[in-house]
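Morning, everyone. I've got one chain to walk you through today, so have a look at the screen while I talk.

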Amino acid sequence: MRLERQTGFSIIAAIFLLVVLALLAALIASVTGMQQSSGQLDLQGVRAYQAARAGMEWAAYQVLDPNDAIPACGLAACPASPQNLPALAGSLSGFTVTVTCTQTANTTEGNRNLRVFQIVATACNQPSAGSCPNVPPPVPTNDYVERQVQASVAKCKDSTAAAPRCSCG
């Protein structure tokens, strides 16, 4: 009779160990999956940030007129807002960048003209109606990534300045 009791106990202990090991294996698989997903989202976040910076640089170039191409010492105006950038290349190709520009100040001090712009560039990987940010509907999925960069930039031109043309000293 003692042998039968010990045999039954061994089967129960074996089943218990199998259940515990199966639960541990499922937990490890879940943690590994979350870790890989988190790493992918981090990488996508960095790419979204770079795409937003590209949008910011594009808009700043438009309003700052670095080559002094605007005649008669005039100042640039904001590009049409909001505006989506053309498709980006390489690892940023999956992102849409929407840029908005607002002229916040326009003053004249003596013979110097000063114009200030507020630029907001938003990049995302799941645009809504072709623009970022993705505001529902549609609701973004769990792998939605968005980054936004904001800056104020100013351009000053002096119609009486010597070379470089129209620069404020």
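**A quick tour of the chain**

Let's start out on the surface: alanine 129 is exposed, with a relative accessible area of 81%. Before I go further, a reminder that this is a predicted model. Alanine 129 belongs to the loop between strand 3 and strand 4. Its backbone is worth a look too, as alanine 129 has a phi near 55°, a positive value in a residue other than glycine. For context, most residues other than glycine have a negative phi.

Now let's zoom out. What is the order of helices and strands along the sequence? It reads α-β-β-β-β-α, and that gives you 2 helices and 4 strands in the chain. The chain is more spread out than a compact globule, because its radius of gyration is 29 Å, well over the 15 Å that the globule rule gives for 169 residues. Along the principal axes, the C-alpha trace spans about 110 × 35 × 30 Å.

A few numbers for the whole chain. Of the 169 residues, 25% count as buried. About 10,800 Å² is exposed, and carbon and sulfur atoms supply 61% of that. If you take the contacts with a separation of 6 or more, 61% of them are between residues 24 or more positions apart. On charges, there are 10 positive and 9 negative, and their mean positions are 4 Å apart.

Next, the inside. The largest nonpolar core has 21 residues, and the ones that touch the most other members are Ala51, Val63, Val97, Val99 and Ile119. Which elements give two or more residues to this core? Those are helix 1, residues 2-64, along with strand 2 (96-109), strand 3 (112-124) and strand 4 (146-158). Helix 1 supplies the largest share, 7 residues.

Let me pick out Val99, since we just met it in the core. Leaving out residues up to four places away in sequence, valine 99 touches Gly55, Trp58 and Ala59, then Ser81, Pro82, Gln83 and Leu85, and also Ile119, Val120 and Ala121.

Two of those contacts, Ser81 and Pro82, bring me to the peptide bonds. In general, most peptide bonds are trans. Here, though, serine 81 and proline 82 are joined by a cis peptide bond, with omega about -15°. Proline 82 sits in the loop between helix 1 and strand 1, which is residues 83-84. There's also a cis bond from cysteine 132 to proline 133, with omega near 0°. Proline 133 is in the loop between strand 3 and strand 4.

Back to helix 1, where we find alanine 52. Is alanine 52 buried or exposed? Buried, because its relative accessibility is 0%, and the cut-off for buried is under 20%. Beyond its neighbours within four places in sequence, alanine 52 is in contact with Ala121, Ala123, Arg147 and Val149. Take Ala121 from that list: alanine 52 and alanine 121 are 69 residues apart along the chain, and their C-alpha atoms are separated by 5.3 Å.

Set that beside valine 145, which lies in the loop between strand 3 and strand 4. Valine 145 and cysteine 78 are 67 residues apart in sequence, with 27 Å between their C-alpha atoms. Valine 145 is buried, at a relative accessible area of 4%. What does valine 145 touch, not counting residues up to four places away in sequence? The list is Leu41, Gln44, Gly45, Ala48, Ala123, Cys124 and Asn125.

Leucine 41, from that list, lies in helix 1. Leucine 41 is partly exposed, with a relative accessible area of 29%. Not counting residues up to four places away in sequence, leucine 41 touches Asn142, Asp143 and Val145. Leucine 41 and asparagine 106 are 65 residues apart in sequence, and C-alpha to C-alpha they are 41 Å apart in space.

Last stop is leucine 23, which is also placed in helix 1. Buried or exposed, then, for leucine 23? It's exposed, because its relative accessible area is 58%, and exposed means over 50%. From leucine 23 to lysine 155 you cover 132 residues in sequence and 63 Å in space, C-alpha to C-alpha.

That's the tour. Happy to go back to any part of it.

Definitions and conventions. Residues numbered from 1 in each chain as written. Predicted model: local features only at pLDDT ≥ 70, side-chain atom pairs only at ≥ 80, totals over all residues. Heavy atoms only, no water. Rg over C-alpha atoms; globule rule 2.2 N^0.38 Å. Buried < 20%, exposed > 50% of the residue type's maximum accessible area, 1.4 Å probe, protein only. Contact = heavy atoms within 4.5 Å. Areas by Shrake-Rupley, 256 points an atom, 1.4 Å probe, with all protein chains shown as cover. Lys, Arg positive; Asp, Glu negative; His and termini not counted. Charge placed at Lys NZ, Arg CZ, Asp CG, Glu CD. Core = buried A, V, L, I, M, F, W, Y, C linked by side-chain atoms within 4.5 Å.
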